[in-house]
Amino acid sequence: SSGINAEYGDDTNDGKAPINKAKLIDKERMNDIINMAVSDLDVRAEEKNLLMSNPTAMSSQDKASLCEIVFEGTQFPGFLTLCDSSLSLYSTGRSSGLCLDIGYTQTTAVPVYEGYPLLNCPSLLTSSISGLKLDELLKKQNPKLSGLDSVAMTEVKKQLCQIYTQNEPRMMTENEMNIFVLPDQSTISVGNEMRCATEFLFSPHFFGTKSPGCHEMVYNSLHKVDPEGHKEIIENVLPIGGTTRIPGFAKRLQLELLGVLDYEFTVVDPAVSEKEHLVWVGGSIVAELSTFEQMWIFRAEFEEEGPERITKKKLLF
């Protein structure tokens with residue numbers, strides 16, 4: 001991968017993302033992004049197979065569309081797409097667990113068993129909690145942030161946001177206000193909104209959003225999994241997505257779950273330097289595994305059997 005993010009789009013161009021809320025909404029732009037990545041990497045596509053990550057809640061129909069885009073718009077001889085949750089787990093040395101994926105436009109909680117997300121069971125949950133909604137809340141509480149794009153807001157959250165673990169956040173005094181340098185080198189002061197707004201992730205109802213908090217999503221999803229058959233799933237909870245890199249998130253999630261779960265579990269918290277690359281690292285591991293060999297789709301069989309038949313056979317996950 002060249003690191004081009006198809007979920008968010010590219011703010012330096014027209015800002016139109018081809019994937020929104022796990023739905024493929026612009027096939028032409030998706031094709032452009034794939035070809036842009038090939039060009040940036042300066043690789044001969046006809047000599048490589050392509051492994052793509054996809055949002056966890058993406059439908060089989062949209063995965064089939066990705067397959068068509070790859071074979072009709074590029075020269076790759078083989079194609080495989082796997083969800084972010086599975087790839088992230090593999091990067092931590094696990095093949096089973098429950099992933100809480102806080103994306104830019106929605107949050108997904110999904111159990112993964114031996115590398116395969118359980119997409120057709122009731123434990124797959126989605127929520128309107130998202131990085132975008134947190135951005136909007138921060139901008140509302142501090143209008144000086146209103147002109148920042150998603151890339152700059154990611155830096156704001158990474159550098160200045162904090163999730164507290166006590167009942168109430170300690171309020172900053174005026175002398176403790178943080179200074180953030182904008183891309184144009186101008187500066188803005190940010191303070192208590194950085195601590196208060198992040199409570200949205202765990203108590204969205206306080207902010208007028210009718211949605212369960214992150215810990216409630218994990219709890220609800222885990223309770224729909226048979227604990228006898230999926231012990232590894234229950235034991236490993238992995239939060240992923242840019243918003244989960246806010247300092248204090250994993251610790252707060254662990255504390256919230258300790259209050260409601262009556263069995264042993266672990267909130268997996270990779271090092272900060274690793275969190276940004278979980279999907280990429282997982283992809284490099286999966287590409288070498290024989291486990292997924294039967295799922296690869298090759299151009300010859302795609303052309304022989306047609307997109308509908310071959311994708312129904314292989315794009316089930």
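This dialogue reads one helix and the internal cavities of a predicted model.

Biologist: Which residues of helix α11 are buried?

Modeller: In α11, which runs over residues 278–286, the buried residues are Leu 278, Gly 282, Gly 283 and Val 286.

Biologist: Why do the buried residues of α11 line one face of the helix?

Modeller: The general idea is that an α-helix has 3.6 residues a turn, so residues three or four places apart point the same way. Here, when one looks down the axis of α11, the buried residues fall within an arc of 130°, and therefore they line one face of the helix.

Biologist: Which elements do the buried residues of α11 pack against?

Modeller: Their partners are the strands β3 (49–54), β4 (78–83) and β11 (236–240), together with the helices α3 (84–91) and α10 (272–275).

Biologist: How many cavities of 30 Å³ or more does a search of the whole structure find?

Modeller: In general, rolling a probe the size of a water molecule over the atoms shows where empty space is left. In this structure the search finds 2 cavities of 30 Å³ or more; the largest has a volume of about 70 Å³, and the second largest has a volume of about 50 Å³.

Biologist: Which residues line the largest cavity, and which line the second largest?

Modeller: Around the largest cavity lie Thr 154, Lys 157, Lys 158, Gly 242, Thr 243, Arg 245 and Ile 246, a lining that divides by class into 1 nonpolar, 3 polar and 3 charged residues. The second largest cavity is lined by Pro 239, Thr 244, Phe 249, Ala 250, Val 268, Asp 269, Pro 270 and Lys 275, with 5 nonpolar, 1 polar and 2 charged residues by class.

Methods
Residues are numbered from 1 along each chain as its sequence is written. This is a predicted model: local features need pLDDT of at least 70, side-chain atom pairs count only at pLDDT 80 or more; totals for chains, interfaces and linings use all residues. Side-chain values use heavy atoms; hydrogens and water are left out. Buried means under 20% relative accessible area, exposed over 50%, partly exposed in between (1.4 Å probe, protein chains only). Helices (H or I, at least four residues) and strands (E, at least two) are DSSP runs, numbered from the N terminus. The arc is that of the directions from the helix axis to the C-beta atoms. Contact means heavy atoms within 4.5 Å. On a 1 Å grid over the protein atoms alone, a cavity is a set of points where a 1.4 Å probe fits but cannot get out, and a pocket is an open set with protein on both sides within 12 Å along at least five of seven lines; lining residues have an atom within 4 Å of a point. Grid points are joined across faces, edges and corners, and a volume is the space filled by probe spheres set on the points. Ala, Val, Leu, Ile, Met, Phe, Trp, Tyr, Cys and Pro count as nonpolar, Asp, Glu, Lys and Arg as charged, and the others, Gly among them, as polar.
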